[in-house]
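Colleague: Could you take me on a close look at one part of this model? I would like to hear about a single helix and what it connects to, and then whatever else helps me find my way around.

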Amino acid sequence: MIKNLSRSTLLQVAKKAGVHVSTASRALNTKTRHMIGPSIVKNIEKIALELNYKPNRLARALRTNKSNGIGIIVPDITNSIFSSMILGIENALARENYVPVTVNMSEKVVSSLNDKIDLLRNFGVDGLILATGDHPNINFDDILESGTPIVMLNRSSNNANLDCVLPDDSEGIKKAFEYLWNLGHKNISMISGPQNISTGQSRSREFIRIVSSLGKSQKNFPIFYAKSYNENEGEICMNEILKIEDKVSGIICGNDRLAVGALGAIKSKNLKCPEDYSIVGFNNMPLSERIDPPLTTIDIKPYEMGFLAGEKLISILNSKFTKKDKIIYQPVELIIRSSCMHR
């Protein structure tokens, strides 16, 4: 028979162990147990297990004014890229006994981000990790001044006071462009992400910079701007590319979902990839190697980015951060698969 299923208090543990409640608290805290004798710690741990004692985070938060909770807001929790980032954040936070509180924001609802931030702050989180970018209705400086640090993840901010962990978008587009160019593709197009999102801006800006540096006309390197990062928009933009008289042979997509849509448009016209069009995606989303054909893409390493964001926020909370660390760029990697071939 299982006993002691009801939740006991720290005071009950201390009384049964014959110690002061502060001693029991130190013994059950991995950061302070070294202050207590090993035999006492072992005895208190045994009693805590017998009494089914679990720390009361709410009581601790009221006592210390620290919840050890971190608010995480992502724009689309169903997107596997953000799922990988969340896992990285959680693993970084777990090392310091912080608890993630993750919520999803609808990018279609203007007030959504503001509402989610208010929700998390009212919950009492110690800091925020936002994979959402800027929002005109939110005064981030007010949040920072209230004592709640913020780390932006994947998407940047125009606010110089915010800390960011970002993929090296410029290097990613450069790698994709050079790869297609060296394969003999001299007419390259881009299906860009939305221009109201920082990744859409930075990736298309680098594409334009590369074309300009080659002394080429933008007419031969057209950009089509998707309204959202999804397959339907990728198909719409690819159908526009298919209408171009001076045939484009290489396409760089702002993310892998746009690339999947582009592949669908190509197949619907009884054309082939990579024989007719070579395509490079961006992000290296899970299962991109299972697409037909397996997708050449830029790996932004979302898990590592999430882990870095978690570490960065903890370092700020522990006052170990310096101004030179304000923005961290995660190196990216070109993953070569079968969606590109020599022209």
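Modeller: Happy to. This is a predicted model, and a good place to start is helix α12, where Pro302, Met305, Gly306, Phe307, Ala309, Gly310, Lys312, Leu313, Ile314, Ser315 and Ile316 are buried. The helix has 16 residues, which at 1.5 Å a residue should span 22 Å, and the 23 Å between its end C-alpha atoms agrees with that. Just after α12 comes serine 319, with a positive phi of about 60 degrees.

Among the buried residues of α12, Lys312 deserves a second look. The side chain of lysine 312 meets that of aspartate 163 in a salt bridge, at 3.8 Å from N to O. Aspartate 163 belongs to strand β5 (residues 163–167) and lysine 312 to helix α12 (residues 302–317), so this pair links distant parts of the chain, 149 residues apart. Both partners, aspartate 163 and lysine 312, are buried.

You can find a second buried pair in aspartate 169 and arginine 203. Their salt bridge has its closest N and O atoms 2.8 Å apart. Here aspartate 169 sits in helix α8 (residues 169–182) and arginine 203 in helix α9 (residues 198–213), with their positions 34 residues apart in the chain.

For a contrast in setting, turn to arginine 257 and aspartate 76, whose closest N and O atoms are 3.7 Å apart in a salt bridge. Arginine 257 lies in helix α11 (residues 256–268) and aspartate 76 in the loop between β1 (69–74) and α5 (80–94), so the pair ties together parts that are 181 residues apart in sequence. Arginine 257 is partly exposed, at 22% relative accessible area, and aspartate 76 is partly exposed too, at 23%. The total for the model is 14 salt bridges.

The loop holding aspartate 76 follows β1, and that strand leads us into the sheet. β1 pairs with β3 in the parallel sense over four bridges, and glycine 71 stands opposite leucine 128 in β3. Strand β3 (residues 127–130) is covered on both faces, with Gly127 and Ile129 buried on one side and Leu128 and Leu130 buried on the other. Three bridges join β3 to strand β4 (residues 150–153), again in parallel, and leucine 130 stands opposite methionine 152 in β4. Between β3 and β4 the chain passes through helix α7 (residues 140–145), making a right-handed β-α-β crossover.

Methods:
Residues numbered from 1 in each chain as written. Predicted model: local features only at pLDDT ≥ 70, side-chain atom pairs only at ≥ 80, totals over all residues. Heavy atoms only, no water. Salt bridge = Lys/Arg side-chain N within 4 Å of Asp/Glu carboxyl O. Helix = DSSP H or I, 4+ residues; strand = E, 2+ residues; numbered from the N terminus. Buried < 20%, exposed > 50% of the residue type's maximum accessible area, 1.4 Å probe, protein only. Expected span 1.5 Å × (residues − 1). Pairing = 2+ DSSP bridges. Right-handed = clockwise from strand over helix to strand, strands pointing away.
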